[in-house]
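Thank you all for coming; I would like to walk you through one model this morning, going slowly from residue to residue. Please have a look at the sequence and the structure first, and then we can begin.

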Amino acid sequence: MKCPHCGHEMPDGYLLCDKCGEEIQIVPDFEPEIENSITETLSTLVSLQDEDIDEDAEEEDGILAGTGKRSRKPQVILAFAILLLAALISYTLYAYHIHTVDYQINKAAEYAGKGAYSEAIACLEAAYADYPEEARILFLEADYYYLQQMDNYALSALMKIIDADAVPRYPEEDVEEAYSKIVTIYANQKEYGLINELLRACDNERIVSMFQSYLAMEPEFSYVEGSYAEVIPLKLSSNTAGTIYYTMDGSKPNKDSQIYTSPLFLETGEYTVSAFFVNDYGIESDIVTKTYVINLAVPNAPVVELYSGEYTEAMMIAVEPAEGCKTFYTTDESEPTADSVPYTGPIPMPLGKTLFKFVNISSEGIASEVTTRTFTLKLRGAIPTETAVTNLVNRLVAIRYLNDSSGRNPRQSGTLSYQFSSVLRVGEEDYYTINEYYDDGTGLLSRTDKVFLVQVYNGTVAQLGYDEDGEFMANVL
């Protein structure tokens, strides 16, 4: 399109010449029906005027001839006035018609159908100047710009609809549609950061929830910051799918920091937890930081009755119970935790040298200091444990509990086997405790409820039992 003032070639859609600065006015075409009506009215006026002139001539001739013919001039003047009024009314209606919003929109659609988007947009601009409350004008304008791949102009038109300070304010359904179109344009451009900024500035919760997958809000903490007298399982959550990165030492987190996957258990001490969220589109939230102070009483360390040392007779290792705590222990030199073996009662001292580690853990999950004991049990003159197991098997065959030394028995299809467990003092004597295991043929051993005893010095075989007071007793086989 060329500027009518200077002839400069202008891009389609421009309404201001970028060379001479003159505004381009695109005048819509006349409606054929109204134009014809006005033309006919003007033609009638001209013909009446001609007839009036002819009648004046005839009247003059009549007077000269002495006929005395009466003039029609007053009637002609009246008819002329009526027709002129009709012409003015027609033109007024036409002028009003071409400025109605429907007329301008229809004309814009006609131009757009011919690919003349500049003229179409000019019609819409004229309509919007008179009808700024009509959001459909801006939607059409945005569509025509979008079809020309002029996204920035399309966005500018749509932004007028969502402008919270705009007067007039548009209906909510129009605002939602405008947000949807803006988000679509930004998404096509992969401008996800601009979508995030757009939604962060939106005060309509419904609209925000519609597009929250594009939004990167700061992580939410399940506990407000402050002081606590208990262990707290701190949970971090995000508004949509993505990844939360965090630190617990007050340092600034980044994408190399720890990834949040499960609650953070905050025990005694002070913690400064910082976190930020990255959604699936790579948009990062701001960093949020909270400080927690956990003040918990640390339980006392376990009290073990026996001291470390060398022992020559079977002993039971007992731990004094601690109120509100559970005791756990290890014998493999690892540090005891709540996942270690729970202490439920006195433990038979193992043969040889063994390192025990005990810990008390409170109901809040607070661990005490670890109590360590090293015990060495040496039974001078005792038969080997292997001999004790052999003595037991031979005795069970002798009493027909077993068919033979391979462990077959008349009651089950599988086999039974026996393993040394510990040394136990029963009454005044020391015994090896030997556990029984069943193999159903799959190679998987399961422990039975029977515990056998073999006297550590003479090899006498018995079965472990309990008297009326719940004390150990040896039932000789």
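Leaving aside its neighbours within four places in sequence, which residues is Val278 in contact with? Taking contact to mean heavy atoms within 4.5 Å, Val278 is in contact with Gly242, Thr243, Tyr245, Lys255, Ile283 and Glu284. Before I go on, please keep in mind that this is a predicted model, in which local features need pLDDT of at least 70 and side-chain atom pairs count only at pLDDT 80 or more, while totals for chains, interfaces and linings use all residues. Residues are numbered from 1 along each chain as its sequence is written, and side-chain values use heavy atoms, with hydrogens and water left out.

Val278 itself is found in strand β8, residues 269-279; helices (H or I, at least four residues) and strands (E, at least two) are DSSP runs, numbered from the N terminus. I will call a residue buried under 20% relative accessible area, exposed over 50%, and partly exposed in between, with a 1.4 Å probe and protein chains only. Val278 counts as buried because its relative accessibility is 9%. Its C-alpha atom is separated by 6.5 Å from that of Ile244, although the two residues are 34 apart along the chain.

Two of the residues that Val278 touches, Lys255 and Glu284, also meet each other through their side chains in a salt bridge of 3.5 Å, N to O. By salt bridge I mean a side-chain nitrogen of Lys or Arg within 4 Å of a carboxyl oxygen of Asp or Glu. Lys255 lies in the loop between β5 (242-247) and β6 (258-259) and Glu284 in the loop between β8 and β9 (288-294), so the pair ties together parts that are 29 residues apart in sequence. Lys255 is partly exposed at 44% relative accessibility, and Glu284 is partly exposed as well, at 43%.

By this rule the count comes to 12 salt bridges, and I will show two more of these pairs. Lys181 and Asp143 meet at 3.6 Å, N to O, and this pair links distant parts of the chain, with Lys181 in helix α7 (residues 172-188) and Asp143 in helix α5 (residues 135-147), 38 residues apart. Lys181 has a relative accessible area of 26% and is therefore partly exposed, while Asp143 counts as partly exposed at 31%. The other pair is Glu310 and Lys378, at 3.8 Å, N to O; Glu310 is in strand β11 and Lys378 in the loop between β18 and α10 (385-398), 68 residues apart.

That brings us to the sheet that contains β11. Here 5 strands form an open sheet in the order β11-β18-β17-β14-β15, with mixed pairing, where two strands pair if DSSP finds at least two bridges between them. Strands β11 (309-311) and β15 (341-342) stand at the edges, each with a single partner strand, so one side of each is left without a neighbour in the sheet. Within the sheet, β17 (residues 352-362) and β18 (residues 371-377) pair in the antiparallel sense over 7 bridges, and Thr354 stands opposite Phe375 in β18.

Now to a charged residue of another kind: which side chain of opposite charge is nearest to Glu436? Counting Lys and Arg as positive and Asp and Glu as negative, with His and the chain ends not counted, the nearest is Lys450, 4.9 Å away, and Glu436 is buried yet has no salt bridge. Glu436 is found in strand β21, residues 429-439, and its side chain is joined by a polar contact of 2.8 Å to that of Tyr418 and by another of 2.8 Å to that of Thr448. A polar contact here is a pair of N or O atoms within 3.5 Å; within protein, one must be able to donate a hydrogen and the other to accept it, and residues adjacent in sequence count only if both atoms are side-chain atoms.

Lastly, the cysteines: how many disulfides does a search of the whole structure find? With a disulfide taken as a pair of cysteine sulfur atoms within 2.5 Å, the search finds 0. Cys123 is buried, with a relative accessible area of 3%, and Cys202 is buried too, at 11%.
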